[in-house]
Amino acid sequence: MMRIHGYYPVDIVNGPGTRCTLFVAGCEHQCRGCYNQSTWRLDSGVPFTLEMEEQLIADLNDRRIPRQGLSLSGGDPLHPHNVPHVRRLVKRVRRECPDKDIWLWTGYEMAELSAAQREVVDEIDVLIDGRFIEAEKDARLLWRGSRNQKIWWLRQPQGEHAEQHAAACHADQRDPQRPCGKGAMQHQ
């Protein structure tokens, strides 16, 4: 069973728009200077139950507080222990919340991903990859902690999300790794 450290049904920090954000337990990278060290151990936090999953799906579909999508962070959602659980969750979100985008943060780099991890990545919209490197820390970066981390736009945003994407692309011209590419597997 996957364990989590937190679930925020309304979040405006971890990705664009209003989102649901899930912080999972377990991280092999244990980056120096990590702001979320309490999530490193796989046995920390609380079990992610079916009831929690049902609430997450209900929150994503709640029209009273429209959410743009789901953000998965941690710990590391792509920790080998978490992969089957995260894969099942993102497939369910795709099926039951087709108008929502899915963002995922991982310490693994795209080139390091196993076949099982790539199955998860195939289901998401945006991947932020790379370990946090304290010497590369930059508080001006949007959605990343250090300059080495990359934002991979895996699917083209649709509808109202396309406008938000375009606005986000030009929000900070000082950042050479801003996400402005179109099409699959592009990063900046």
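**Arg-147, a helix pair and some backbone oddities**

At 37% relative accessibility, Arg-147 comes out as partly exposed. In this predicted model, Arg-147 sits in the loop that links strand 6 and strand 7. Its C-alpha lies 5.4 Å from that of Glu-136, although the two are 11 residues apart along the chain. Trp-143 belongs to the loop between strand 6 (126-129) and strand 7 (150-153) as well. Unlike Arg-147, which is partly exposed, Trp-143 counts as buried, at 12% relative accessibility. The backbone of Trp-143 also deserves a look: phi is positive, at about 70 degrees, although the residue is not a glycine. For context, most residues other than glycine have a negative phi.

Stepping back to the whole chain, the protein has four helices and eight strands. Going along the sequence, these follow the pattern β-β-β-α-β-α-β-α-β-β-α-β. Of the 188 residues, 51% count as buried. Among contacts with a separation of 6 or more, 61% come from residues 24 or more positions apart.

Helix 1 is a good place to start on the packing. It has 12 residues and runs 17 Å from its first C-alpha to its last, close to the 16 Å expected at 1.5 Å a residue. Glu-53, Leu-56, Ile-57, Asp-59 and Leu-60 are its buried residues. Looking down the axis of helix 1, these buried residues fall within an arc of 160 degrees, so they line one face of the helix. What do the buried residues of helix 1 pack against? Their partners are strand 1 (3-11), strand 2 (19-24), strand 4 (69-74) and helix 2. Just ahead of helix 1, in the loop that follows strand 3 (46-47), comes Thr-49. With a relative accessible area of 24%, Thr-49 is partly exposed. Thr-49 and Met-1 are 48 residues apart in sequence, but their C-alpha atoms are 8.3 Å apart in space.

Helix 2 has 14 residues, which should span 20 Å at 1.5 Å a residue; the end C-alpha atoms are indeed 20 Å apart, so the two figures agree. The list of buried residues in helix 2 reads Val-83, Val-86, Leu-89, Val-90, Arg-92, Val-93 and Arg-94. These pack against strand 2, strand 4, strand 5 (101-105), helix 1 and helix 3 (115-121).

How do the two helices meet? Two packed helices are described by the angle between their axes and the distance between the axes. Here, helix 1 (residues 50-61) and helix 2 (residues 83-96) pack at an angle of about 35 degrees, with the axes 11 Å apart. The crossing of helix 1 past helix 2 is right-handed. On the helix 1 side, the contact is made by Leu-50, Glu-53, Glu-54, Leu-56, Ile-57, Leu-60 and Asn-61, and on the helix 2 side by Arg-88, Leu-89, Arg-92, Val-93 and Glu-96. By type, the residues of this contact split into six nonpolar, one polar and five charged. Several of them turn up among the buried residues too, including Leu-56 and Ile-57 of helix 1 and Leu-89 and Val-93 of helix 2.

Is Arg-94, another residue of helix 2, buried or exposed? It is buried, with a relative accessible area of 17%, and so comes in under the 20% cut-off. Setting aside neighbours within four places in sequence, Arg-94 touches Lys-100, Ile-102, Glu-123, Ile-124, Asp-125 and Arg-155. One of these, Glu-123, is 29 residues away along the chain, with 7.5 Å between its C-alpha and that of Arg-94.

Two loop residues round off the picture. Gly-75 lies in the loop between strand 4 and helix 2, and the peptide bond leading into it from Gly-74 is cis, with omega near 25 degrees. By way of comparison, most peptide bonds are trans. Thr-106 is in the loop between strand 5 and helix 3. At 5% relative accessibility, Thr-106 counts as buried. Apart from neighbours within four places in sequence, the contacts of Thr-106 are Asp-76, Leu-78, Leu-127, Ile-128, Asp-129 and Gly-130. Of these, Leu-127, Ile-128 and Asp-129 fall in strand 6 (126-129).

Terms used
Residues numbered from 1 in each chain as written. Predicted model: local features only at pLDDT ≥ 70, side-chain atom pairs only at ≥ 80, totals over all residues. Heavy atoms only, no water. Axes fitted to C-alpha atoms, helices over the stretch in contact; angles between N-to-C directions. Left-handed = near helix turned anticlockwise from the far one by under 90°. Contact = heavy atoms within 4.5 Å. Nonpolar A, V, L, I, M, F, W, Y, C, P; charged D, E, K, R; others polar. Expected span 1.5 Å × (residues − 1). Buried < 20%, exposed > 50% of the residue type's maximum accessible area, 1.4 Å probe, protein only. Arc of directions from axis to C-beta.
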